[in-house]
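Q: I have a model to go through and I'd like to learn how to read it. Could you walk me through it, one feature at a time?

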Amino acid sequence: MSVRIKLTLSYVGFLMIAGTLLLVAAWVFLMRGTPNTLVIPDLSDFRRVFDPHSFGPVVFVPAAVLVLGFLLVFGLVGGWILAGRVLAPLSRITDATRRAAKGSLSYRIELEGPKDEFRELADSFDAMLARLEVHVAEQQRFAANASHELRTPLAITQTLLDVARNDPNRDSGELDDRLRAVNARAIDLTEALLLLSRAGQRSNTGEHVDLSLIAEEATETLLPFAEKRGVTIETSGDIAPTVGSHALLLQMTTNLLHNGIVHNLPESGTVQVSTAIGPESVMLTVENTGDKLSSQLASTLTEPFQRGTERLRTDHAGVGLGLAIVKSIVQAHDGTLTLSPRVAGGLRVAVQLPAARRSP
C-alpha cells in the first residue's frame, strides 16, 4: 500500500476508536440505570433516530451505528484529502530526485511554507543539488584543463619528432635535450594529477603531527632553492599539534613554500612561515612578498591550472596544481584554507586545522 493509503487508514482507525470510546462513555455515564437494555436494532429503529419524539436508550444503539458510519465515511474522505495535502511536498521532492537522476542538477524545489520537517528536507536537498552542480562543473572544467595541459607536451613532442624526421642532419643532441625537458614536464603533470586525486581521499587512520616541525622540515628542503632565487625564508611560531597524514601535510606545506618562493619579487624577496595554536584549532600561515593581487584573483588561485596574472612558465613554475593540491589536502583534514592578498603585495595563505586532543 502507498503511504497515502496507510495514513488514511490510520486516520480512520483512530477516528473510529475515539468515536467508539466516546459512545461507550456516553452509555455508561448517561444511560445506565434505565429500564431498557441494549438490543440489536432493525430498520424501523433507525427511522426512530430522526423522530423528535423518540429519545433515550431505545434509539441510542441505532444512533450510535449511524454516528460510527458517518465517522467512517468522513474519516476515509477527510483522511484521503488530508494525507494528500501532507504528502504534497514529498511529491515535489520525489520529482526533483528523478530530475537529478536524469542529470538535471539546476532544478530547485524551493518549497514554501512553515519551517517543518518537509521544508528542512527540501532545503537540504536543494543545498545538496547546488553542491553537486558546483562539483560537477569543477570536474568538467578540470577535465578540460587537464586534457589541454596534457595535450601541450604531446603536441610539442610530435612537432619535434616531425622536424627531426624532415631534417635528418639536425643535431640529435639538441633534440634529445628538448625531448627530455618536454617529457619531464609531462611526468611532473601526471604525478601532480595523481597526487591531487589521492589528496582528496579521507583516511580514517591519522597520526599526531606538529605543524611547526613540518614547517621546519619543508623549509630545510627548499632552503637551497630559495637562496638560489634570492628569497629569504623566515619561520616562527608555537607548537601546533594536529592529527592527520604526515606525508600529505608535508606536501601541503612544501607546496605553499614553493609557491611563495617562485611567485615572489625578483630580488630580496621574503617568505614568512608561522604557526599558532588556539583553543580548538591550529594555524599555519605562509606569507610572501610579490606583485599586488586583487581579492577576486586571490580567490581563484586554488582552482586547477590557475597561475595568476602575469605568472610566466619557468623551469620552476610548476603545472598549476600546487594550490589545488593544498586545497584538497586541507579539505581531507577537515580544515579551512584562506587566501588573501597582502597590502604591500604578495599573498597570504592561512591553513586552519583541528587541534589534536590533549591526553588527560
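A: Let's start with a pair of side chains. Arginine 99 and aspartate 95 are four residues apart in helix H3, so about one helical turn separates them. Helices (DSSP runs of H or I, at least four residues) and strands (E, at least two) are numbered from the N terminus.

Q: What do the side chains of arginine 99 and aspartate 95 form together?

A: A salt bridge, meaning a side-chain nitrogen of Lys or Arg within 4 Å of a carboxyl oxygen of Asp or Glu. Here the N to O distance between arginine 99 and aspartate 95 is 3.4 Å.

Q: Before going on, what kind of model is this?

A: A predicted one, in which local features need pLDDT of at least 70 and side-chain atom pairs count only at pLDDT 80 or more, while totals for chains, interfaces and linings use all residues. Residues are numbered from 1 along each chain as its sequence is written, and side-chain values use heavy atoms, with hydrogens and water left out.

Q: How do I read the confidence, and what is the average pLDDT of the chain?

A: pLDDT is the predictor's confidence in each residue, from 0 to 100. The chain averages 79, and 79% of the residues score at least 70. Confidence peaks in strand E5 (residues 281-288), with a mean of 94, and is lowest in helix H2 (residues 43-48), with a mean of 62. Over residues 309-316 the pLDDT drops below 50, and that stretch makes 13 contacts in the model beyond near neighbours in sequence. A contact means heavy atoms within 4.5 Å.

Q: How many helices and strands does the chain have?

A: Nine helices and seven strands. To see how the chain is tied up in space, look at contacts with a separation of 6 or more: 69% of them are between residues 24 or more positions apart.

Q: Are arginine 99 and aspartate 95 buried, exposed or partly exposed?

A: Go by relative accessible area (1.4 Å probe, protein chains only): under 20% is buried, over 50% is exposed, and partly exposed is in between. Arginine 99 has 37%, so it is partly exposed. Aspartate 95, at 32%, is partly exposed too.

Q: And what is the picture for the chain as a whole, in buried residues and accessible surface?

A: Of its 360 residues, 33% count as buried. The accessible surface comes to about 22500 Å², with 58% of it belonging to carbon and sulfur atoms. Those areas come from the Shrake-Rupley method with a 1.4 Å probe; for residues, only the protein chains shown count as cover.

Q: Back to salt bridges: how many are there?

A: Five by this rule. One of them joins arginine 119 and aspartate 123, whose closest N and O atoms are 3.3 Å apart. Both residues sit in helix H4 (residues 117-166), four residues apart, or about one turn of the helix. Arginine 119 is partly exposed because its relative accessibility is 22%. Aspartate 123 is at 25%, so it also counts as partly exposed.

Q: Which residue does arginine 342 pair with?

A: Arginine 342 forms a salt bridge with glutamate 287, with the closest N and O atoms 3.2 Å apart. Arginine 342 is in the loop between strands E6 (336-341) and E7 (347-354), whereas glutamate 287 is in strand E5, so this pair ties together parts that are 55 residues apart in sequence. Arginine 342 is partly exposed, at 24% relative accessibility. Salt bridges with shared partners join Glu287, Arg342 and Arg348 into one network.

Q: Let's try a helix: is H7 mostly covered or mostly open?

A: Mostly covered, since 13 of its 17 residues are buried. Take asparagine 255, which is found in H7. Its relative accessible area is 12%, which means it is buried. Leaving aside neighbours within four places in sequence, asparagine 255 is in contact with Gly322, Ile325 and Val326.

Q: And a strand residue: where does isoleucine 277 lie?

A: In strand E4 (residues 269-277). Isoleucine 277 has a relative accessible area of 35%, so read it as partly exposed. Try a distance as well: isoleucine 277 and threonine 242 are 35 residues apart in sequence, and 9.7 Å apart in space from C-alpha to C-alpha.
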